[in-house]
Every structure is written in C-alpha cells, then in structure tokens.
Amino acid sequence: MAALRIQSDWSRALSRDEGEAWLSCRCPGKPTLYGSVTRRGLSSEGIPDIAASEGFLVQEVTKKSILISCPHENVSTKFLAPYTTFSRIHQKSITCLDISSGGGLGVSTSTDGTMKIWQAANGEIRRLLEGHVYDVNCCRFFPSGLVVLSGGMDAQLKIWSAEDASCVVTFKGHKGGILDTAIVDRGRNVLSCSRDGTARLWDCGKSACLGVIADCGSPVNGIAVGTADDSLNLGTPENPPSEREIGTEGKILLLAREDKKLQGVGLQSRQPVFLFVGSDAFNCCTFLSSTYILAGTQDGNIYQLDVRNTNAPIQVIHRSGAPVLSLLPYQDGFIASQGDGTCFILQQDLDYVLDLTEADCDPMYKVASWEKEIYTCCRDGIVRRYQLSDL
C-alpha cells in the first residue's frame with residue numbers, strides 16, 4: 001500500500017504568504033518519490049492557493065485540510081490539521097487516553113506519573129487520579145462515562161470515580177505490569193492483560209478475580225472483547241461459569257501477544273478458538289464486526305482477519321515499517337496510529353486516505369473518538385483534537 005506523506009507542520013508552513021512543505025510518496029519495493037507544495041497566496045474566500053511540484057496534484061484545499069494525489073502511484077491522501085491542541089494536561093509523554101461516552105470528558109496517563117481527567121472541549125483539568133505506584137499504562141471510561149478503569153506497571157488494576165477522583169476498587173493478582181484492559185458489556189466484569197502473559201476476568205462488585213482466561217507464556221500487549229459470529233464454535237466451559245460472570249456468553253477475547261501470535265479465546269469457555277502467527281510482535285487488536293478483526297504488529301503490518309477462517313488474512317496493510325500502536329473502529333473503516341507519528345483513517349466510502357497531521361516523528365500512542373471528533377496522544381506530550389466535520 002503506497003503512503004503519501006506531508007511534513008507535519010504543513011499548516012504552519014503554508015500559513016505564510018510563500019510557505020513550503022515537503023512531500024513524499026513511498027510504495028513498498030519502489031524508490032520513494034519526493035516533492036513539495038507551495039503557497040502562492042490567498043483566494044478571495046480566504047483559502048490558501050497551493051500548488052504542488054511535478055508528480056503531485058493538489059485537488060482540494062480548505063482552511064484545515066489539503067487533498068493531494070500522486071498519479072504515478074494512484075494514491076490520494078487528505079491531510080487534516082488539528083482543530084485544537086492541549087499542551088498543558090501533562091508535562092511528559094502521554095501514553096494513553098480515552099473520551100467518555102457523552103464526549104464531555106477525557107482521561108489520560110503520562111510518563112510524568114500522573115493520570116488526569118479533563119474537559120474534552122478545552123483541555124481544562126478536572127481531576128487528578130492518584131494511587132498507582134510507577135507508570136500508569138492504560139486507562140478507559142466505563143460506558144456510563146462516570147467511572148474510569150486503569151492498569152499500571154505496579155500490576156494493579158483500579159476503578160475510579162470520575163466525579164470525586166476516589167479509587168473505589170483495586171484488583172491484585174497479576175505478577176507483571178498491566179498493559180491493556182477491556183470492559184464486558186456495561187462493566188460488571190472487566191478484563192486485563194499483563195507482561196506476566198495472562199489475561200484475567202474480574203468481578204467489579206466483589207473486587208475479585210473470576211479466572212485466568214489465558215496463560216500465554218509471553219507478554220500480552222493488547223486485548224479486545226467482542227460478540228462472536230453465531231457460526232463460530234467458542235467451546236464449552238470445563239466447569240459451570242460463576243453466577244458473578246455477567247455477559248461473557250457468546251463473547252470472544254482477542255489477545256495481541258509479544259511472541260508474534262494473535263489468539264482468540266472463548267471468554268466464557270476459556271477455550272482457544274484460533275491462533276494466527278504474524279510477522280512480528282502484535283501490539284494491538286480490535287473488532288470491526290462479529291466476523292472481521294484487525295491486529296497491528298511491531299514491524300508495521302495491519303492484518304485483517306475473518307474469525308471463521310484465520311488460515312490466511314483477508315488483507316495486510318503496510319504503510320511503513322513503524323510499529324502499529326493503536327487501532328480503533330471508526331464508521332465503516334478504522335483509525336490506526338504508528339510509531340513514526342502517522343495517524344490515518346481508512347474508510348470504505350472514501351477514495352483517499354485521511355491523514356491526521358502534526359505529530360511529526362513522535363510516536364502516536366493512542367486514538368479515541370466521539371462522533372466526528374478524534375483525539376490523539378503522543379510522545380511529545382500534546383493531545384490533539386480533530387474535527388471531521390471540518391472536511
């Protein structure tokens with residue numbers, strides 16, 4: 001898959017009367033094509049007049065976006081600048097973030113050792129969540145938007161009130177740092193995965209571990225839970241499930257493993273459903289539907305698989321060799337972020353790739369969305385907010 005890139009500060013470069021930004025078009029196995037776009041002034045509507053060098057075409061320009069094509073490789077990309085940026089939430093790299101179901105609040109974790117809740121509209125800090133020892137690796141809102149789930153290097157899983165910042169539950173049982181979490185249905189049960197190679201199911205009401213869903217013998221970097229296709233055999237539990245298990249029937253758990261394996265496990269049965277071997281360590285995974293899943297690797301591959309037959313991927317998307325750090329379903333496609341600062345959206349109804357810009361070469365760790373707003377967090381410590389309504 002060819003990847004068309006524009007230098008990240010294009011919106012600043014082209015804000016000057018005669019600004020210039022560099023372009024490149026990379027297609028695997030072929031020499032990279034280089035070029036530039038230059039601003040020649042403003043139209044009567046206040047839109048920049050932008051031209052591209054030989055080999056590239058500027059097809060559409062707005063105040064926040066620019067659509068560029070490379071006819072030689074038959075690829076088009078629309079580059080979207082952030083609607084706003086929040087630089088004062090954390091002092092160092094932001095490793096994870098999420099947006100509440102109503103779109104009003106954000107939560108984020110940082111290598112500065114803090115986890116904070118903030119106003120999604122303006123980045124104003126509302127709460128500081130203190131209680132983990134060492135770094136907090138992951139955070140997410142419960143469906144209610146009033147409660148937060150977090151996991152840290154201290155091997156603890158915690159539940160917080162977003163209203164008063166109190167820690168209401170702490171789960172202990174993992175032997176290594178927690179790397180990702182998932183919530184089952186409305187949240188009476190939650191899941192976690194760890195460097196210790198296990199994925200565990202927890203009962204929020206009793207603050208107890210309901211069981212080890214999988215023990216992989218290798219760190220589990222990411223998990224996702226979804227409703228399985230009816231035709232899929234999820235296996236039968238060896239023992240009757242606990243009455244404290246709520247919503248686990250008919251669910252499949254995906255495990256993105258460090259040992260280059262993507263595994264599917266019946267959540268209630270604890271039985272393996274499939275095992276797919278990729279090109280490198282799997283960092284993240286997600287469901288597109290009850291049938292189709294995505295998983296991203298350390299060497300830049302995004303695998304799309306059909307859970308009913310994982311012998312061969314439906315497709316492998318490769319835009320660069322940078323690690324795929326997060327995947328998020330979005331409308332009829334998905335959003336992916338990578339370690340080279342790229343964050344792009346692929347959608348079935350678009351004949352171009354949508355590229356969210358300005359992270360430069362800093363890893364884009366996580367993406368969250370609410371309706372037509374997308375939020376990203378990055379090693380540079382900035383939360384960027386994009387509005388697809390700008391398109």
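How much helix and how much strand does the chain have over residues 129-170? Over that stretch the chain is 0% helix and 52% strand, and its end C-alpha atoms lie 13 Å apart; helices (H or I, at least four residues) and strands (E, at least two) are DSSP runs, numbered from the N terminus.

Before I go on, please keep in mind that this is a predicted model, in which local features need pLDDT of at least 70 and side-chain atom pairs count only at pLDDT 80 or more, while totals for chains, interfaces and linings use all residues. Residues are numbered from 1 along each chain as its sequence is written, and side-chain values use heavy atoms, with hydrogens and water left out.

The stretch I began with comes from a record: under "repeat: WD", an unreviewed UniProt entry lists residues 87-128, 129-170 and 171-203. UniProt positions are given in the numbering used here, feature names are shortened, and such annotations may be inferred rather than shown by experiment. Over residues 171-203, the chain is 0% helix and 64% strand, with the end C-alpha atoms 9 Å apart.

Let me turn to the sheets, where two strands pair if DSSP finds at least two bridges between them. In one open sheet, four antiparallel strands follow the order E8-E35-E34-E33. Its edge strands, E8 (84-86) and E33 (364-370), each pair on one side only. Neighbouring strands here are turned by 20° against each other on average, direction ignored; the axes are lines fitted to C-alpha atoms, for helices over the stretch in contact, and angles run from 0 to 180 degrees between N-to-C directions. Within this sheet, E33 and E34 are joined by six bridges and form a hairpin with two residues between them, where Glu371 in the turn has a positive phi of about 50°. Cys377 in E34 is the bridge partner of Lys366, and Cys377 also stands opposite Val383 in E35.

What lies in the largest nonpolar core, and which residues have the most contacts inside it? A nonpolar core is a set of buried Ala, Val, Leu, Ile, Met, Phe, Trp, Tyr and Cys residues joined through side-chain atoms within 4.5 Å, where buried means under 20% relative accessible area, exposed over 50%, and partly exposed in between (1.4 Å probe, protein chains only). The largest core has 25 residues, and Phe171 and Val190 have the most contacts inside it. Several strands each supply at least two of its residues, including E10 (105-110) and E17 (178-184), while E13 gives the most, with four residues. Leaving aside neighbours within four places in sequence, Val190 is in contact (heavy atoms within 4.5 Å) with ten residues' worth of partners that include Phe142, Leu149, Phe171 and Trp202.Let me put that last point more plainly, without a tally: among the residues in contact with Val190 are Phe142, Leu149, Phe171 and Trp202.

Finally, I come to the salt bridges, each a side-chain nitrogen of Lys or Arg within 4 Å of a carboxyl oxygen of Asp or Glu, and by this rule there are 14. In one of them Lys78 meets Glu60, with the closest N and O atoms 2.7 Å apart. Because Lys78 lies in strand E7 and Glu60 in strand E5, this pair ties together parts that are 18 residues apart in sequence. Lys78 counts as buried at 3% relative accessibility, whereas Glu60 counts as partly exposed at 32%.
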